[in-house]
Amino acid sequence: MNMLKTTMLLAALTALFMALGYTLGGSGGAMISLLVAAGMNLFTYWNADKIVLKMHNAREVDAQTEPNFYGLVANLARRANMPMPRVYIVDNPNPNAFATGRNPENAAVAATTGLLSMLSRDEVEGVMAHELSHVKNRDTLIMTMVATIAGALSMLANFGMFFRSERNGLATLLAVLIAPFAAMIVQLAISRTREYGADRTGAEISGKPLALAAALAKISGAAQAIPNPVSERNPSAVQLYIVPTHVSEMFSTHPATENRIAELEALAEQMGSGPRRSALDPVAR
């Protein structure tokens, strides 16, 4: 169901991009828009991981340089029956993690030094299982495509603001104002859907849904309070992280942390890991 919903939303985003192209340039504009979207997606398909890792100045680690963290990821990859991803650490006090790559065979996972210092081993395991699930479910490719089309649509809308014709000026003005907002709503819907799925799959990989719930409770507030220069320079990077670095209830790329924790606690009961005191309870932290 999640994949069907994501496919429909991605198709809607592409159609919106083509519709804006048609408004600005007729049928030729729609075709050019489609070709541009295809070209940008092809480029990001091959290069997204390099772009994301360079953006964060991530350093690759291995069994010799970071045996504990690398071994933890390797164990989770074996449990998930996945190829071993490249493993990175980002020198950043903001507690967060992300995954990138076009497929499980060409994937990378990363955690910040802030996250590794704040969480217990079980909690780090829960977080990295979540990131591996993004790779396993191919969310990294989907979200890259979504971000690319949404970014291209915004650029096209800005172009239309400066070059709208007198003949259909009002229609063009409405289109360039509404299209980016609509694209953002679609992007948020896709991102939130994928986060719930990654929480569930990650909890199944690690077998510790309550550890992931506890990790989310610990890092969600800190991620918003501690500055993150990368997301400040590149707001689109926010959707990469396990928790957002700034939150607006209506326009957040992630579901509310409280809702994610509630889902994980319900899953723990189904798996026989609970019930237990809520991760949101101050004593449980």
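Student: Let's start with a loop: which one holds Arg138?
Tutor: Quick ground rules: this is a predicted model, where local features need pLDDT of at least 70, side-chain atom pairs count only at pLDDT 80 or more, and totals for chains, interfaces and linings use all residues. Numbering starts from 1 along each chain as its sequence is written, and side-chain values use heavy atoms, leaving out hydrogens and water. Helices (H or I, at least four residues) and strands (E, at least two) are DSSP runs numbered from the N terminus. Arg138 sits in the loop between α4 and α5 (139-163).

Student: What is the phi of Arg138?
Tutor: Arg138 is partly exposed, with a relative accessible area of 39% (buried is under 20%, exposed over 50%, partly exposed in between, with a 1.4 Å probe and protein chains only). Its phi is positive although the residue is not glycine, with a value near 60 degrees.

Student: Is Asn81 buried or exposed?
Tutor: Asn81 is in the loop between α2 and β2, and its phi is also positive, near 55 degrees, in a residue other than glycine. Its relative accessibility is 72%, so Asn81 counts as exposed.

Student: How many helices and strands does the chain have?
Tutor: Walk along from the N terminus and you read α-β-α-β-β-β-α-α-α-α-α-α-α. That comes to nine helices and four strands.

Student: How far does α9 reach from its first C-alpha to its last?
Tutor: Helix α9 covers residues 257-271, which is 15 residues. The expected span is 1.5 Å times one less than the number of residues, giving 21 Å for α9. The model comes out close to that, at 21 Å.

Student: Over what arc do the buried residues of α9 spread?
Tutor: The buried ones are Thr257, Arg260, Ile261, Leu264, Glu265, Leu267 and Ala268. They lie on the same side of α9, because their arc around the axis (taken from the directions from the helix axis to the C-beta atoms) is only 160 degrees.

Student: And which residue just after α9 takes a positive phi?
Tutor: Look right past the end of the helix. With a phi of about 85 degrees, the residue is Gly272.

Student: Which element gives the largest share of the largest nonpolar core?
Tutor: A nonpolar core is a set of buried Ala, Val, Leu, Ile, Met, Phe, Trp, Tyr and Cys residues joined through side-chain atoms within 4.5 Å. The largest has 36 residues, of which Phe69, Val109, Leu115, Val127 and Met128 touch the most other members. Elements giving two or more residues include α2 (67-79), β4 (107-112), α4 (121-136) and α9. The largest share, seven residues, comes from α7.
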